[in-house]
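Biologist: I should like to go through this model with you, one feature at a time. Please show the sequence and the structure before we begin.

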Amino acid sequence: MTRDKRIHLAWFLGHGFGVSDWRSPWHGTGGHDWMRPDFHQDFARSLERACFDYLIIEDSSFVCDAYGQSSEIYLSNAMTVPKHDPAVLASVMLLATRRLGVVPTLTVTEYPPFLLARLVATLDGLSAGRAGWNIVTGSSDRAAQNYGKDAQPPHDLRYDMAQEMTDLVKQLWGSWEPDSIRADIAAGVFAEHTKVNPVDFSGTYFTSRGPLNTAPSPQGRPALVQAGGSARGREFAARNADSVIASANTPEMMKEYRDDVRARAAAAGRDPDEIKILFLITPYLGETTAEARDRKARHDDEAWQHPERGLAGMGFITDIDFSGYDVDTPLGQLQTTFSTNGHQSSLALRLGKGEQATLREVAAGGYAFEPVGTPAEVADQVDTIMSEVGGDGLLFNVSPLNRRTIAEITDGLVPELQARGLSRTRYDHPHLRGNLRAF
């Protein structure tokens with residue numbers, strides 16, 4: 001029997017939701033088109049045509065001012081802002097598709113559990129079972145201040161809160177039993193009241209009586225997605241996620257991460273095969289090898305010449321102001337130890353180049369799998385690395401985002417993956433969780 005080599009494909013829609021392309025000669029998002037639904041719906045249809053499992057919508061609810069204690073670099077360059085509300089954007093994309101999963105990011109420290117559970121359940125019901133929740137714990141004090149708090153809780157405490165909230169949200173989703181709706185006209189009964197149950201949840205951080213006042217999920221419950229890089233994050237992902245997204249740029253790092261999360265899942269009593277781990281990929285494509293290499297070289301040169309943009313991006317995820325440091329001084333000579341209450345694993349990955357590395361190198365470095373070549377050459381590289389890692393899939397993170405870069409993936413690279421039996425040519429299931437478990 002031939003082994004199923006297929007991998008799962010997803011797309012990470014982050015940063016400025018397409019507005020990052022505002023300076024590109026390849027128009028199609030520009031500075032204003034991103035505000036209209038057409039681009040986002042066309043984007044979602046393209047992913048569905050290529051049989052992607054899901055699209056994840058990143059979020060942050062603040063205007064960053066970490067770099068130089070000013071928002072100038074972020075607003076001038078459309079870095080991390082502006083953004084639509086991810087739940088509203090998810091509804092626009094789900095409306096335009098029939099099989100693609102759409103997963104908005106909703107933050108534990110910003111949503112009451114009942115509101116979040118009802119919102120995602122509504123998306124899931126109206127899309128016939130294609131919605132999910134990307135569980136994030138929050139990282140920026142600026143976001144906390146927008147919600148009336150002084151700062152984010154400590155890193156590990158946020159994961160305690162996330163676990164309790166996830167437990168509560170799942171109970172709220174399950175408060176209507178699967179066969180609770182009878183819609184029996186003759187008997188005059190719509191829903192069986194004995195099968196719609198209060199939750200009566202009282203935890204350390206959250207309480208809710210329940211039940212939800214919306215219908216049960218078509219897929220049992222919406223899909224759960226999570227990105228956990230730290231030890232605490234990996235443990236949380238292993239216990240809860242249907243799909244995990246991770247950043248690693250070597251097959252050794254990918255394999256270590258995947259093996260670790262799967263081992264943690266088994267220790268928690270889960271079947272590791274239920275968890276699909278997707279690694280970030282940023283491909284550089286061209287019609288020829290030389291064209292692809294030139295594209296990558298131009299990107300790297302831009303990053304090297306403008307380290308302030310990369311450092312501002314690091315400030316966004318860590319709340320650290322890197323503006324006052326000499327970018328060409330080795331890390332070991334900076335006379336400081338960088339620490340964060342934000343994305344700890346992301347900071348560790350970026351600073352893990354060694355004491356001789358400079359902040360310029362750190363800012364210019366890539367933290368995803370970055371294959372370079374023609375679609376056929378990149379497909380071969382994907383085949384090699386996924387075989388070495390063992391699976392489970394890839395999460396595309398491509399910038400600038402415009403119709404050209406989307407088509408290069410969906411109409412260029414994906415057909416090459418399909419020709420090698422590496423990605424699906426049709427959806428196996430009408431529901432997101434079903435497609436994640438298909439192989």
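Modeller: This is a predicted model. We may begin with the second largest pocket, which has a volume of about 290 Å³. Its lining consists of 18 residues, and those closest to its centre are R3, D4, R6, G390 and G391.

Biologist: Which element gives the most to the lining of the second largest pocket?

Modeller: Two elements, α8 (251-267) and α13, each give two or more residues to that lining. The largest share, three residues, comes from α13.

Biologist: How many residues in the lining of the second largest pocket are charged?

Modeller: Asp, Glu, Lys and Arg count as charged, whereas Gly is placed among the polar residues. The lining divides into four nonpolar and four polar residues, and the charged ones number 10.

Biologist: G391 is among the residues closest to the centre of that pocket. Which residue does a cis peptide bond join to G391?

Modeller: The bond has an omega of about 5°. The partner residue is found in the loop between α13 (375-389) and β14 (393-396). The residue joined to G391 is D392.

Biologist: Where does P82 lie, given the cis peptide bond from V81 to P82?

Modeller: The bond from V81 to P82 is cis, with omega near -5°. P82 lies in the loop between α2 (72-76) and α3 (86-95).

Biologist: Which strands make up the closed barrel?

Modeller: Strands of a sheet can pair either parallel or antiparallel, through backbone hydrogen bonds. In this barrel of eight strands the pairing is parallel. The twist from one strand to the next averages 30°. The strands run β1-β2-β3-β4-β9-β10-β11-β14.

Biologist: Are the residues of strand β9 buried or exposed?

Modeller: To count as buried, a residue must have under 20% relative accessible area. From β9 (residues 223-226), A223 and V225 point one way, while L224 and Q226 point the other way. On both sides of β9, these residues are buried.

Biologist: In β9, what is the bridge partner of I135?

Modeller: Strand β4 (residues 132-136) and β9 run parallel and are joined by four bridges. One pairing in β9 sets G132 with A223. For I135, the bridge partner is Q226.

Biologist: Which residue in β10 stands opposite V225?

Modeller: β9 pairs with strand β10 (residues 243-246) in the parallel sense, over two bridges. Between these strands the chain passes through helix α7 (residues 231-240), and the three elements make a right-handed β-α-β unit. Opposite V225 in β10 stands S243.

Biologist: S243 is in β10. What is the bridge partner of S243 in β11?

Modeller: β10 and β11 also pair in the parallel sense, here over four bridges. The chain crosses from β10 to β11 through α8, in a right-handed β-α-β crossover. In β11, S243 is partnered by K276.

Biologist: Why is strand β11 described as largely enclosed by the rest of the structure?

Modeller: The description rests on burial, for which the limit is under 20% relative accessible area. Strand β11 (residues 276-281) is largely enclosed because its buried residues number six of the six.

Biologist: What is the bridge partner of L278 in β14?

Modeller: β11 and β14 run parallel, with four bridges joining them. The bridge partner of L278 in β14 is G393.

Biologist: Is Q69 buried or exposed?

Modeller: Q69 is not a glycine, although it has a positive phi of about 55°. The residue is found in the loop between β2 (54-57) and α2. Its relative accessibility is 55%, and a residue over 50% counts as exposed. Q69 is therefore exposed.

Biologist: What is the relative accessible area of D319?

Modeller: D319 also has a positive phi, about 65°, although it is not a glycine. D319 is found in the loop between α10 (307-318) and α11 (344-351). D319 counts as partly exposed because its relative accessible area is 33%.

Biologist: Which residues line the second largest cavity?

Modeller: A search of the whole structure finds two cavities of 30 Å³ or more. The second largest has a volume of about 40 Å³. By class its lining has six nonpolar, two polar and no charged residues. The lining residues are A121, W173, W176, L212, T214, A215, P216 and S217.

Note on methods. Residues are numbered from 1 along each chain as its sequence is written. This is a predicted model: local features need pLDDT of at least 70, side-chain atom pairs count only at pLDDT 80 or more; totals for chains, interfaces and linings use all residues. Side-chain values use heavy atoms; hydrogens and water are left out. On a 1 Å grid over the protein atoms alone, a cavity is a set of points where a 1.4 Å probe fits but cannot get out, and a pocket is an open set with protein on both sides within 12 Å along at least five of seven lines; lining residues have an atom within 4 Å of a point. Grid points are joined across faces, edges and corners, and a volume is the space filled by probe spheres set on the points. Buried means under 20% relative accessible area, exposed over 50%, partly exposed in between (1.4 Å probe, protein chains only). Two strands pair if DSSP finds at least two bridges between them. A crossover is right-handed if, with the strands pointing away from the viewer, the path from the first strand over the helix to the second runs clockwise. Axes are lines fitted to C-alpha atoms, for helices over the stretch in contact, and angles run from 0 to 180 degrees between N-to-C directions.
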